[in-house]
Amino acid sequence: MKETVLDVRNLQVEFAGDRKIVKAVDGISFQLHQGETLGIVGESGSGKSVTALAVMGLLQSPGRIAGGEIWFRANESSQPINLVDLSPKQIQLHRGGDIAMIFQEPMSSLNPVYTIGFQLTEAILRHQNISETEAKQKAIAGLQEVKLLPSDEKIRQQYIDTWQNSAFGSSSLDEQKLLKLVQQHKEAILERYPHELSGGQLQRVMIAMAISCNPLVLIADEPTTALDVTVQATIIDLLRELQASRDMALIFISHDLGLIAEVADTVAVMYRGKIVEFDDAATIFANPQHPYTKGLVACRPTLNRHPHKLLTVSDYMNVEEIPTTGELVIQGKEPTEPPDITPEEIAQRLADLENEQPLLQIKDLKVGFPIKGMFGGTKRYHMAVNGVSFDVKKGETLGLVGESGCGKTTLGRTLLRLIEPMSGQILFEERDITTLKGEALQKLRREMQIVFQNPFSSLDPRMKIGDAIMEPLQIHSIGNKKQERQKRAAYLLERVGLSADAMNRYPHQFSGGQRQRICIARSLALNPKFIICDESVSALDVSVQAQVLNLLKELQSEFGLTYIFISHDLSVVKFMSDRILVMNNGEIVEQGIAEKIYREPQQEYTQKLIASIPTGSRERVQQRQLH
């Protein structure tokens with residue numbers, strides 16, 4: 001057994017509320033050994049991130065450590081230190097140096113007004129007694145280690161190849177000049193600002209910052225949640241490589257048990273501040289014991305099944321709170337497994353859809369964004385959507401999948417005329433809507449709606465949700481009296497699984513999943529025929545995601561809705577869709593029946609998307625690393 005570097009004993013974290021004390025972490029214990037990966041999994045509010053903040057000494061008022069110990073041992077010759085006993089100044093000697101953390105959202109973790117070079121060197125200088133020049137070279141080495149920069153040899157070879165293919169190729173490239181070019185190339189990335197990098201690149205910067213001081217313990221708190229599955233896969237592989245080369249201990253926090261199972265050696269499953277199950281990753285994923293863990297495993301859409309509906313956590317457990325003590329009593333249930341949709345049922349649905357008229361017809365659609373020239377004026381266009389054509393049948397769900405930047409969101413918004421196309425046709429019920437203006441366009445809005453990715457930013461924080469749902473009814477003069485509109489809003493809230501009593505509450509009083517249900521209710525207010533779901537479940541916990549996906553399917557059946565379902569997650573798209581379009585660089589690179597796209601992907605790009613989806617299989621990780 002390797003050295004224990006972190007020993008958490010009976011940790012308790014409390015937050016003082018207006019009415020009562022909330023136990024965010026309720027007496028948890030675990031050990032972390034050198035070179036080991038501990039996965040902590042649970043839904044929002046389970047206490048997993050609060051645990052990480054407590055270890056880092058980053059809890060903010062009104063949160064506080066109410067009890068327990070956090071023992072940290074820097075090396076074999078040193079005595080363990082109880083981090084709970086340290087003053088804020090003392091814990092700074094260990095935070096960032098001995099124990100480092102990667103946060104969920106890299107853009108909010110970096111200062112937008114400073115270059116990444118400045119922020120990297122600042123972190124290094126804070127913990128190491130070296131010169132600015134040495135810190136700069138260490139920052140470059142860190143960016144090379146996380147593969148944001150190529151190695152010196154690769155950069156050198158790139159310049160040699162470029163020189164040989166140029167008009168000067170007949171002459172040799174001066175070695176001193178070559179060394180200078182390599183150094184300038186490496187230093188150039190340090191001058192870039194956070195907004196000039198993609199999400200995956202920013203997360204690599206954050207990893208480089210975290211490992212810059214050779215930490216013994218690295219905490220990764222949902223480091224891939226906001227990333228595409230392909231970028232997520234590369235970040236996971238990178239963390240595993242760094243951990244192996246440095247023999248670091250890693251705490252990996254996520255709400256996705258499939259992802260955790262691919263990364264972790266041991267797993268702690270957290271629920272309402274407690275660890276309800278603790279075991280090695282393979283055992284927990286293959287044979288979960290606690291009802292909550294069983295629910296987390298079951299609610300993930302899988303690529304090898306096509307169920308009518310997804311099971312949820314609530315299908316596996318009854319939870320009661322004892323009023324006098326506040327203790328939770330959890331009783332397990334054994335739900336009936338929903339049957340899979342048979343091949344015959346799929347074939348019949350596809351045949352029925354084939355006989356339907358197209359609700360939407362897209363013909364050679366192009367959308368470009370102008371790129372300014374050096375002296376002003378438009379020099380060229382970036383083609384976000386480049387000559388796209390397809391149909392959507394009435395009652396169909398068409399999945400649109402691809403990585404960030406592939407053009408899928410731009411395409412979705414262009415179909416609703418939220419972005420104007422450069423050319424092409426959008427036929428809705430055989431009428432070209434690209435020419436509609438004024439009142440005619442407003443009438444069209446009743447028929448076409450959208451559910452956005454982030455439900456909180458989609459709702460006015462100052463508007464009660466009842467008013468938010470009634471607002472489109474007022475704009476389109478539906479319902480003669482306020483009472484009629486209130487009745488409609490109450491019905492829609494109840495239909496999406498919320499109480500009509502919620503009408504007088506504000507968005508911040510709801511969870512993320514509840515807010516997304518509110519947005520769905522609002523999108524249904526005008527009885528639309530067509531709804532675009534743009535990454536509408538990607539920000540949700542997997543159990544809440546399952547509830548929303550089931551709800552969308554039920555509503556489609558009840559109201560005869562037609563969906564375009566946009567996501568970068570092919571497993572979610574496959575569960576929802578009849579057909580799938582795969583987009584890359586503004587073009588449709590593959591399309592077909594959902595089941596066939598998964599079983600027999602023709603394009604290498606589609607194959608890469610499928611291979612990147614976390615399944616809980618270590619073999620899949622090893623296959624990725626081989627390729």
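Tutor: A residue is buried under 20% relative accessible area, exposed over 50%, and partly exposed in between (1.4 Å probe, protein chains only). The model before us is predicted: local features need pLDDT of at least 70, side-chain atom pairs count only at pLDDT 80 or more, and totals for chains, interfaces and linings use all residues. Residues are numbered from 1 along each chain as its sequence is written, and side-chain values use heavy atoms, with hydrogens and water left out.

Student: Why is R64 called partly exposed?

Tutor: R64 has a relative accessibility of 47%. This value lies between 20% and 50%, so R64 is partly exposed.

Student: R64 meets E14 in a pair. What makes this pair a salt bridge?

Tutor: A salt bridge is a side-chain nitrogen of Lys or Arg within 4 Å of a carboxyl oxygen of Asp or Glu. The distance from N to O for E14 and R64 is 3.4 Å, which is within 4 Å, so the pair qualifies. E14 lies in strand 1 and R64 in strand 4, so the pair ties together parts that are 50 residues apart in sequence. At 15%, E14 falls under 20% and is therefore buried.

Student: What is meant here by a strand or a helix?

Tutor: Both are DSSP runs, numbered from the N terminus: helices are H or I over at least four residues, strands E over at least two.

Student: How do you know that D247 and K2 form a salt bridge, and which parts of the chain does the pair tie together?

Tutor: Their side chains meet at 2.9 Å, N to O, and this is within 4 Å, so the pair counts. D247 is in the loop between helix 9 (229-246) and strand 8 (249-254), while K2 is in the segment before strand 1 (4-16), so parts 245 residues apart in sequence are tied together. D247, at 26%, and K2, at 45%, are both partly exposed, because each value lies between 20% and 50%.

Student: Why does the pair of E554 and R495 count as a salt bridge?

Tutor: The closest N and O atoms are 3.7 Å apart, within the limit of 4 Å, so this pair also counts. E554 belongs to helix 20 and R495 to helix 18, with their positions 59 residues apart in sequence. The structure holds 28 salt bridges, and D7, R9 and E69 are linked in a network of them.

Student: Why are strand 2 and strand 5 called edge strands?

Tutor: The open sheet has 4 strands in the order 2-1-4-5, with antiparallel pairing. Strand 2 (21-33) and strand 5 (81-82) each pair on one side only.

Student: How do you know that strand 4 and strand 5 are paired?

Tutor: Two strands pair if DSSP finds at least two bridges between them. Strand 4 (residues 63-72) and strand 5 are joined by 2 bridges, so they meet the requirement. W71 has N82 in strand 5 as its bridge partner.

Student: Why is F510 called buried, and what does F510 touch?

Tutor: F510 has 6% relative accessibility, which is under 20%, so F510 is buried. F510 is placed in the loop between helix 18 (482-495) and helix 19 (512-524). Contact means heavy atoms within 4.5 Å. Not counting residues up to four places away in sequence, F510 touches I465, A502, R505, R515 and I518.

Student: Why is Q545 in the same class as F510, buried?

Tutor: Q545 has 9%, and this too is under 20%, so Q545 is buried. Q545 lies in helix 20 (residues 542-559), and its contacts beyond four places in sequence are P301, V537, L540 and V572.

Student: What makes the backbone of E535 noteworthy?

Tutor: Most residues other than glycine have a negative phi, and most peptide bonds are trans. Phi of E535 is near 50°, a positive value. E535 is found in the loop between strand 19 (530-534) and helix 20. N214 also has a phi near 50°, and a cis peptide bond joins S61 and P62, with omega about 15°.

Student: How confident is the predictor in this model?

Tutor: The predictor's confidence in each residue is its pLDDT, from 0 to 100. The mean is 86, and 95% of the residues reach 70 or more. Over residues 621-627, however, pLDDT stays under 50.
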